[in-house]
Amino acid sequence: MSTMQTLIDKLANKRDLADAELLELITSTDEATNQLLAAAADKIRQQYYGTKVYIRGLIEFTNYCKNNCYYCGIRAGNSHAHRYRLSKEQILDCCSEGYQLGFRTFVLQGGEDPYFTDERVCDIVAAIRRQHPDCAITLSIGEKKRASYQAYFDAGANRYLLRQETAAPEHYAKLHPASMSLANRKRCLFDLKAIGYQVGSGFMVGSPYQTPENLLADLRFLQELKPDMIGIGPYITHEQTPFAEHKSGTAEQTLRMLSILRLMFPYALLPSTTALGTIHPNGRELGLKAGGNVVMPNLSPVNVRKLYELYENKICTGEEAAQCRGCLEARVRMAGYEIVTDRGDVAKNVI
Ligand code: SAH
C-alpha cells in the first residue's frame, strides 16, 4: 500500500493526524493522491449521508458593503461596481418561488450594508418565518454585535454562514484592511454558536499569500469551532481589487481540501461551491465526488445576479431559478447522487 493510502486510512479512522502528516496531504500535488482522498471521503460521506445532496436557495440581496476586503469584488472601494439592494417584497418573492421549486432552506447573503439595520433584517426574517414556517432561514451578512445576532435569531433565523477566511492572524492581515481582525471574526463565530445557530465557517483555497501552514491553521481552528457547515472554494481573482495581479486558486487544491475536511468532519455539511464550478466546468460534480453534500443554487432575480460579483466569470448568472434548479438536478444525478428537498439539518445523531 502506498504511504499516502496509509495516511489517508489513518485520517479516516482517527479523524485527525499530526501536523506534519496533514501538511503532507495538504501539499501533495499528484493527481493519484487526490483520487485516493476523494474515494475515502466519498465512502465516509455515503456512511453518514448516503447519496443525498441538500439544496440551499441563495438570495444575494445586497451588494453594498462597508468593508474593503482586498479579494472581494463588492468591496466598498470598488467604484466600478453597480450597487443594488432587493426590497423586502422582492426577497419574499424569491422565497416563494424557491419554495415551489422544493427549497426548504433560504440563505440571505449580502455585503455589510448599513441600510439593512437590525430592525430591517428582523422584519424580513420574521416575514419569511411567517410565510414558510417549515423552512430553515440562514443569514450570511458578516460581522455584527452579539445582540444583533440574538435579535435575528429571536426573529426566526436558524443558521449563519461566516467564513473565517483564514485562521492565521498574519495571513488575515494580508487579506483585510487594519480595521478588520481575525479576533473579531472568531468572536462572532463563537457568539453565533452560543446563541444556538447552526454555524457555517470556512475559507478560500489559494488566496494570495496563503501557505500550507495557513491551511493547517484553518483545519485546526475548525476542530476548535466544530461548525455544522464548512464552506470552501477557490479564491478567484477580480480585476477591480488590489489583488488583480494575483493568481486564482485551483480546482485540484480545493478538491483535496474538501476531501480532507470530509475525513476530519464526517458529520459536516460541505457545499460544493459555485466558485468551484466557476474555475472548472465540472467543478461542482467533482466536489460532490470528493466529499461535498450541499449545493447552493441561486434564487436571486436574474437582473441582479451579474452584479453580485465577488469574483470574475461567476457561473449561473443568466438563468431563472427554475432553470438553475433543473440543471443542477441533472448534474447531481449524473455525478451519482440525488437532490433531496428537506431542510437538511446537520447529521448530529450520527456523530
Ligand atoms: N459579507 C458576508 C458575505 C461575504 S461573500 C461575510 O462577510 O461573510 C461570501 C464569501 O465569498 C466570502 O466569505 C468569501 O470567502 C468569498 N469570496 C469573496 N471574494 C472572493 C473571491 N474573489 N474569490 C473567491 N471567493 C470569494
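Helices H3 and H10 are oblique to each other. In this predicted model, H3 (residues 31-49) packs against H10 (residues 251-264) at an angle of about 40°, and their axes are 8 Å apart. H3 passes H10 in a left-handed crossing. On the H3 side the contact is formed by Glu31, Asn34, Leu37, Ala38, Ala40, Ala41, Ile44, Arg45 and Tyr49, and on the H10 side by Glu252, Leu255, Arg256, Ser259, Ile260, Arg262 and Leu263. Sorted by class, the residues of this contact are nine nonpolar, two polar and five charged.

A second helix pair involves H1 (residues 3-14) and H2 (residues 19-27), which pack at an angle of about 120° with their axes 11 Å apart. H1 and H2 are therefore also oblique to each other, and their crossing is left-handed. Here Met4, Leu7, Ile8, Lys10 and Leu11 of H1 meet Glu21, Leu22, Glu24 and Leu25 of H2. This contact of H1 with H2 has six nonpolar, no polar and three charged residues.

The ligand has 17 residues around it, of which Tyr71, Gly110, Arg163, Glu165 and Ile236 come nearest. For Tyr71, Arg163 and Glu165, the table gives distances between N or O atoms of the residue and an atom of the ligand.

| Residue | Part of residue supplying the N or O atom | Ligand atom | Distance |
|---|---|---|---|
| Tyr71 | backbone | nitrogen | 2.9 Å |
| Arg163 | side chain | oxygen | 2.9 Å |
| Glu165 | side chain | oxygen | 2.5 Å |

The backbone of Tyr71 is thus paired with a ligand nitrogen atom, whereas the side chains of Arg163 and Glu165 are each paired with a ligand oxygen atom.

Conventions
Residues numbered from 1 in each chain as written. Predicted model: local features only at pLDDT ≥ 70, side-chain atom pairs only at ≥ 80, totals over all residues. Heavy atoms only, no water. Axes fitted to C-alpha atoms, helices over the stretch in contact; angles between N-to-C directions. Helix = DSSP H or I, 4+ residues; strand = E, 2+ residues; numbered from the N terminus. Parallel < 35°, antiparallel > 145°, perpendicular 65-115°, else oblique. Left-handed = near helix turned anticlockwise from the far one by under 90°. Contact = heavy atoms within 4.5 Å. Nonpolar A, V, L, I, M, F, W, Y, C, P; charged D, E, K, R; others polar. Near = heavy atom within 4 Å. Polar contact = N/O pair within 3.5 Å; in protein donor to acceptor, adjacent residues only side chain to side chain.
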